[in-house]
Amino acid sequence: MVTLTIDGKEVKVPQGTTILAAARTAGIRIPTLCYHGRLDPIGSCRMCVVEIEGVAHPMAACTTPVEEGIVVTTNSERLHRIREDSLKLILVNHPLDCPICDKGGECLLQDLVYEFGIDKVEYQAPKPAREAVYATPLIRYWPDRCIMCLRCVTACREIKGIGAIEIKGEGYGSQVVVIDEEKCQSCGECLSVCPTGALTENLSRFKGRPWLVKRVPTTCTYCGCGCQLELNVQNNRVVGVTTQEGKGVNRGSLCVKGRFGYEFIGSDERLTTPLIKKDGEFKEASWEEALNLVAERFGAIKEESGPDAIAGLSSARCTNEENYLFQKFMRGVIGTNNVDHCARL
Ligand code: SF4
Ligand code: SF4
Ligand code: SF4
Ligand code: FES
């Protein structure tokens, strides 16, 4: 264990711990922007700078490991000025998009600018024309809102193991670009770690502000992994899907289906009544008619070819109890073990 002092408090942490993690252990908050709990420290934003006694320059707490006996200060006039300057440099060309930005209300940059009370930026820099060169049918990139924190690039590489995007360019002309379009799975991992509205979801745009939607925790129904997610509900309609960092077996990650495949829930194309094919055309029928027809056909097949001529495939969208009943029906009523589940495919 290593013993250090942070803001006058003695803290003991294992060797290799960063100053940021040590401060959090002691309940001391250091502002961060590029740091994300699921990613290796990036060290791009300079919001987490701290002073270490005997060290001339402030150090980034998220990338600096603790050392025996060091004395750390997390708050001083100098640190406040450096953090304020870092935010101002980000704001130089940042658009005043908050009223129409999907991230408004849960944007880390917005929160920090508010916390530091920045109401004017005295710096200026030429505004380069940046095109949105990274986009998928489900994800939109807003280069002007991008703060070059690198979270998206790191998440795609470290969490997904894909590495589909990178940062290209220099200074205020930098932007996120796709390295290989075919590699990108539109999984939205990049979008979920982006601290600002630089990556937004196309499907949910303008459908619900973060503070207006109700977030209902549930389990993804697409496959057997059981990923945890939150359905964002407004006016009784699902308008988006979010996750909680580190929560569930998925720890906040989702695949493209889990994150973006929610429109079927409120789709007008969903069947609301059984259909029976008559003379080559589907016609609406009552449940009684439909179930009688199924029972009649199952009975006929069983009599003609035996129960093993029938197989049942159940759905991951059913509950465990419904799937249990389904296999019971196949075994007990039909008389076959030919039963399987789409989540195994
Ligand atoms: S990214 Fe944040 S600060 Fe920028 S426009 Fe969107 S909500 Fe506002
Ligand atoms: S959508 Fe997924 S695969 Fe594509 S860039 Fe983002 S994290 Fe990488
Ligand atoms: S798109 Fe978002 S996560 Fe990626 S560098 Fe820009 S601000 Fe950071
Ligand atoms: S949070 Fe440490 S440098 Fe960004």
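Contact, as the word is used here, means heavy atoms within 4.5 Å. The structure above is a predicted model, and this sense of contact is a way into it.

Start with helix α4, residues 151-158. Six of the eight residues of α4 are buried, so the helix is largely enclosed by the rest of the structure. The buried residues are Arg151, Cys152, Val153, Thr154, Ala155 and Cys156. What covers them includes two helices, α3 and α5, along with the strands β7, β8 (175-178) and β9 (199-201).

Two of these buried residues also appear beside ligands. Cys152 is among the residues that come nearest to ligand 3, together with Cys146, Cys149, Leu150 and Cys194. The shell around ligand 3 has 13 residues, and by class they divide into 11 nonpolar, one polar and one charged. Cys156 belongs to the surroundings of ligand 2, where the other residues are Tyr134, Ile139, Ile162, Ile165, Cys184, Gln185, Ser186, Cys187, Gly188, Glu189 and Cys190. This shell divides into eight nonpolar, three polar and one charged.

Ligand 1 has a shell made of His94, Asp97, Cys98, Cys101, Gly104, Cys107, Leu109, Thr196 and Gly197. Here the classes are four nonpolar, four polar and one charged.

Glu189, named above beside ligand 2, leads to the salt bridges. How many salt bridges does a search of the whole structure find? The search finds nine. In one of them, the side chains of Lys160 and Glu189 meet at 3.6 Å, N to O. Lys160 sits in the loop between α4 and β7 (165-168), while Glu189 is in helix α5 (residues 189-193), so far as sequence goes 29 residues apart; the pair links distant parts of the chain. Lys160 is partly exposed at 24% relative accessibility, whereas Glu189 is buried, with a relative accessible area of 1%. Arg38 is joined with Lys160 and Glu189 into one network by salt bridges that share partners.

A second salt bridge is formed by Glu122 and Lys88, with the closest N and O atoms 3.1 Å apart. This pair, too, links distant parts of the chain: Glu122 is in the loop between α3 (108-115) and β6 (139-141), Lys88 is in helix α2 (residues 77-91), and 34 residues separate them. Is Glu122 buried or exposed? Glu122 is exposed, with a relative accessible area of 51%. Lys88, at 9% relative accessibility, is buried.

A third salt bridge joins Glu106 and Arg215, whose closest N and O atoms are 3.2 Å apart. Glu106 lies in the loop between α2 and α3 and Arg215 lies in strand β10 (residues 214-219), so the pair ties together parts that are 109 residues apart in sequence. Both ends are partly exposed: Glu106 has 35% relative accessibility, and Arg215 has a relative accessible area of 31%.

Arg215 also matters to the description of Glu230, a residue of strand β11 (residues 228-234). Glu230 is buried yet has no salt bridge, and the nearest side chain of opposite charge, Arg215, is 4.3 Å away. A salt bridge needs the nitrogen within 4 Å of a carboxyl oxygen, so a pair at 4.3 Å does not count. What Glu230 does have is a polar contact of 2.6 Å between its side chain and that of Thr242. Leaving aside residues up to four places away in sequence, Glu230 touches Arg215, Val216, Pro217, Gly240, Val241, Thr242, Thr243 and Gln244.

Strand β11 also holds Gln234. Gln234 is buried, with a relative accessible area of 18%. With residues up to four places away in sequence again left out, Gln234 touches Lys207, Gly208, Arg209, Leu212, Val213 and Val239.

The last stop is the backbone. Most residues other than glycine have a negative phi. Arg251 has a phi near 50°, a positive value in a residue other than glycine. Arg251 is found in the loop between β12 (237-242) and α6 (256-260), and it is partly exposed, with a relative accessible area of 46%. Asp279 has a positive phi of about 50° as well, although it is not a glycine. The loop that holds Asp279 runs between β13 (275-278) and β14 (281-284), and at 81% relative accessibility Asp279 is exposed.

Methods
Residues numbered from 1 in each chain as written. Chains lettered and ligands numbered in written order. Predicted model: local features only at pLDDT ≥ 70, side-chain atom pairs only at ≥ 80, totals over all residues. Heavy atoms only, no water. Near = heavy atom within 4 Å. Nonpolar A, V, L, I, M, F, W, Y, C, P; charged D, E, K, R; others polar. Helix = DSSP H or I, 4+ residues; strand = E, 2+ residues; numbered from the N terminus. Buried < 20%, exposed > 50% of the residue type's maximum accessible area, 1.4 Å probe, protein only. Lys, Arg positive; Asp, Glu negative; His and termini not counted. Polar contact = N/O pair within 3.5 Å; in protein donor to acceptor, adjacent residues only side chain to side chain.
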